[in-house]
Amino acid sequence: MKKVLAVVLIAAMLSTLLVFKGSVSASKNFNYGEALQKAIIFYEFQRSGKLPENKRDNWRGDSGLQDGADVGLDLTGGWHDAGDHVKFNLPMAYTTTMLAWSVYESKDAYVQSGQLPYILDAIKWTTDYYIKCHPSPNVYYYQVGDPQKDHAWWGSPEVMQMERPSYKVDMNNPGSTVVAETAAALASSSIIFRDTDPAYAETCLSHAKDLFTFADTTRSDAGYKAAEGFYSSHSGFYDELTWAAVWLYLATEDQYYLDKAESYEPHWERELGSDTIKYRWAHCWDNKLFGAMLLLARITNNPFYKENIERHLDWWTVGVGSERITYTPKGLAWLDGWGSLRYATTTAFLAEVYADWSGCSSSKAKVYHDFAKSTADYALGSTGRSFIVGFGDKYPQRPHHRAAHGSYIADMDYPEQHRHILYGALVGGPRSDDSYVDHIIDFQSNEVANDYNAGVVGLLAKMYQKYGGNPIPNFNAIEEVGQEYEVEAAIVASGISFINLRVTLMNKTAWPPRASDKLSAKYFVDISETIKAGLTPDDIRVSASTPGVKVSGLKPWDKDKNIYYVEIDLTGINIFPGGINDYKRDVYFIIEAPYGEGNWDNSNDYSYKGLEDAGMNGISTEYIPMYDGGVRVYGMEPDGLPVPTPTKTPDPSPTPTKEPNLVKLGDINYDGTVDSIDSTLLSRYILEVLTYTDPESQKSFTAAADINNDGIVDTLDYTLLNRFVLEIPVNYPIGEMVER
């Protein structure tokens with residue numbers, strides 16, 4: 001009886017240990033298809049180089065077009081690492097490998113969700129770059145950009161002004177970690193490109209083999225110096241060599257690479273003071289041992305590898321002995337304060353992959369599946385908020401990302417709200433008590449990076465494969481264009497026969513940011529009183545006191561009406577949205593008539609409107625139009641016509657042209673159609689990103705946005721409008737003319 005009782009007690013204890021207790025709202029399913037497509041589009045916002053014509057946003061532009069010029073190579077392309085603009089190839093190549101692994105595991109999910117072309121494009125954007133970085137078998141450029149200079153400037157990549165040096169490793173100064181990781185990236189990518197582009201797949205594989213040989217031959221990181229302090233290889237290079245060899249085996253089925261992978265086992269990290277393979281950490285940009293062991297377990301069915309990967313996954317779920325990873329009160333497995341969700345979602349991907357394998361026992365498979373779904377759901381909002389930008393009703397508004405922030409003064413505190421939505425970016429995540437700070441300066445909670453999304457993409461593909469979800473048809477990140485240019489003016493001094501002005505030309509471009517050395521403006525005057533006094537336009541003098549700026553004398557605009565203008569020409573001066581002293585230029589000039597009562601009168605001048613009350617502080621004025629290369633980009637000329645609004649970027653605060661009491665319900669931007677742009681505007685309004693200070697604009701907005709006509713614009717209206725856009729029937733006349 002004692003033996004029987006002991007057996008029963010042991011069985012009960014084991015059963016208890018194998019119950020995963022980290023689940024939060026595990027029964028709820030999110031729209032995994034939408035989450036997946038947004039997690040993928042994030043990588044389009046990270047692109048460096050010459051961007052394609054078919055890009056799905058209007059706020060990113062070409063950048064880093066001189067990358068590699070310092071070494072006589074074309075090293076354009078690749079991804080900016082995080083919210084900065086350095087191209088760190090170690091985390092980038094790790095990310096590529098992870099995305100390729102996801103396609104390798106879940107290709108059907110990508111096909112069914114319609115996301116296969118986008119994930120393949122994302123991967124190829126980097127593999128093209130790695131091939132450029134590998135000009136010969138034993139030379140590899142592993143980084144572009146000086147991280148110290150880059151991180152010291154808070155601006156958009158399109159207008160970077162700093163030098164971007166290129167760094168390489170070779171036989172004399174090797175870097176086995178980054179070289180082996182790139183071999184893994186190219187080998188795994190070669191597998192997924194075989195069906196669509198066999199020749200390109202072979203090119204990737206050829207470079208992967210050479211890079212692996214280079215890394216394995218040198219076995220040293222002596223030359224990998226430029227990334228120190230940012231992406232130092234703490235785990236050494238044997239995990240990358242193992243990882244690369246496994247992927248090369250999968251790509252070639254050559255036993256040589258499998259033998260290589262297994263030969264590195266004596267060099268694998270152990271738990272401190274023991275012979276046990278390390279299990280208390282996570283698969284990440286630095287340590288690939290866990291993923292490598294998982295793949296080796298599947299390839300060989302060797303109990304040694306199975307034991308090691310299961311010990312790792314157990315530590316993350318039910319615990320190993322008395323040890324278990326920290327769990328937050330709301331159920332997130334929490335490893336580290338810097339990017340807590342990055343580690344959890346990546347481990348969840350590994351758990352899901354392993355649990356899907358027939359070699360995993362059914363009891364463990366259930367634990368790992370539950371853990372994976374719980375982790376995915378935590379990231380998507382099971383605790384009341386999403387940690388993926390642009391997903392759900394409550395998501396991060398201020399991720400630490402220069403391009404998305406769009407500050408034209410290079411200050412992360414201004415503007416207060418981001419100018420762009422960084423769709424799909426997984427932020428760092430909560431602290432160990434579930435607290436989270438949605439602020440741009442909270443690097444730990446709100447940093448985003450390529451490697452953060454690397455695991456969650458694969459996890460979401462698995463979730464979509466099992467639970468479904470509806471990707472948004474024709475999803476894109478085309479935004480309404482905000483104010484990009486501005487002119488301010490102030491009266492420095494004035495008298496009976498003169499006016500001394502300060503005119504400030506501003507470049508606040510963000511759709512996309514762009515520099516210009518061809519800006520100009522026109523200050524219009526009406527000299528009817530001067531002509532009446534018997535003087536001519538030549539009698540009026542214009543002089544400037546701003547070095548380097550050309551300010552013309554009076555030029556005719558409409559001689560019959562005595563309308564002339566002063567041209568302010570900044571040609572040759574680079575004005576760009578990248579600093580408090582870089583995005584604008586003050587120009588001082590004097591317009592002076594011969595002294596005499598009645599020879600000069602400011603009050604009838606077109607560009608003088610509103611300046612009488614401006615004083616020295618100045619005001620923003622549309623009556624001094626601004627030009628870029630001769631094309632008007634801001635303000636109005638005397639004919640009163642505004643700057644034409646681009647057809648794809650509707651005015652965020654439009655005035656309806658219809659009868660005052662009629663409105664097309666849901667047509668928030670009054671462009672005649674009800675579509676995803678209207679849904680986006682309504683979402684931004686509810687999240688207080690878009691506001692209206694003008695009462696008439698607010699009234700027009702409410703008339704179109706208050707779908708259920710209850711006098712309040714809220715989430716219910718957004719839900720109804722969003723359902724209409726997704727072609728889900730609603731019992732409201734959205735898209736029809738209604739009286740309001």
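The following exercises, each with a worked solution, concern a predicted model.

In this model, local features need pLDDT of at least 70 and side-chain atom pairs count only at pLDDT 80 or more, while totals for chains, interfaces and linings use all residues. Residues are numbered from 1 along each chain as its sequence is written, and side-chain values use heavy atoms, with hydrogens and water left out.

**Exercise 1. Helices α3 and α16**

Determine how the axes of α3 and α16 are oriented and which residues make the contact.

Solution. Begin with the terms: helices (H or I, at least four residues) and strands (E, at least two) are DSSP runs, numbered from the N terminus. Axes are lines fitted to C-alpha atoms, for helices over the stretch in contact, and angles run from 0 to 180 degrees between N-to-C directions.

Next, take the geometry. The axes of α3 (residues 89–113) and α16 (residues 450–467) come within 9 Å and cross at roughly 20°. Angles under 35 degrees count as roughly parallel, over 145 as roughly antiparallel, 65 to 115 as roughly perpendicular and the rest as oblique. The helices α3 and α16 are therefore roughly parallel to each other. Their crossing is left-handed, a term that applies if the near helix is turned anticlockwise from the far one by less than a right angle, with right-handed used if clockwise.

Finally, list the contact (heavy atoms within 4.5 Å). Participants from α3 include Tyr 94, Met 98 and Leu 99, and those from α16 include Ala 454, Val 457 and Ala 461. By class, this contact has 9 nonpolar, 9 polar and 4 charged residues. Here Ala, Val, Leu, Ile, Met, Phe, Trp, Tyr, Cys and Pro count as nonpolar, Asp, Glu, Lys and Arg as charged, and the others, Gly among them, as polar.

**Exercise 2. Helices α8 and α9**

Apply the same steps to α8 and α9.

Solution. The axes of α8 (residues 238–252) and α9 (residues 255–263) come within 8 Å, crossing at roughly 160°. Hence α8 and α9 are roughly antiparallel to each other, and the crossing is left-handed. Among the contact residues are Val 246 and Tyr 249 of α8 and Tyr 257 and Leu 258 of α9. The contact of α8 with α9 has 7 nonpolar, 3 polar and 1 charged residues.

**Exercise 3. The annotated active site**

Which residues does the UniProt annotation "active site" cover, and why do they gather at one spot?

Solution. The unreviewed UniProt entry gives His 400, Asp 438 and Glu 447; UniProt positions are in the numbering used here, feature names are shortened, and annotations may be inferred rather than shown by experiment. They span 48 residues in sequence, yet no two of their C-alpha atoms are more than 10.1 Å apart, so they gather at one spot. Asp 438 is found in the loop between α14 (402–405) and α15 (443–446).

**Exercise 4. A five-stranded sheet**

Establish the strand order of the sheet that contains β8 and β15.

Solution. The 5 strands form an open antiparallel sheet in the order β10-β11-β8-β14-β15, where two strands pair if DSSP finds at least two bridges between them. Strands β10 (550–558) and β15 (631–634) stand at the edges, each with a single partner, so one side of each is left without a neighbour in the sheet. From one strand to the next the twist averages 35°.

Then examine the pairs. Strand β8 (residues 519–526) is joined to β11 (residues 563–569) by 7 bridges, with Ala 521 opposite Ile 568. Strands β14 (residues 626–628) and β15 pair over 3 bridges, and they form a hairpin with 2 residues between them, where Gly 629 in the turn has a positive phi of about 60°.
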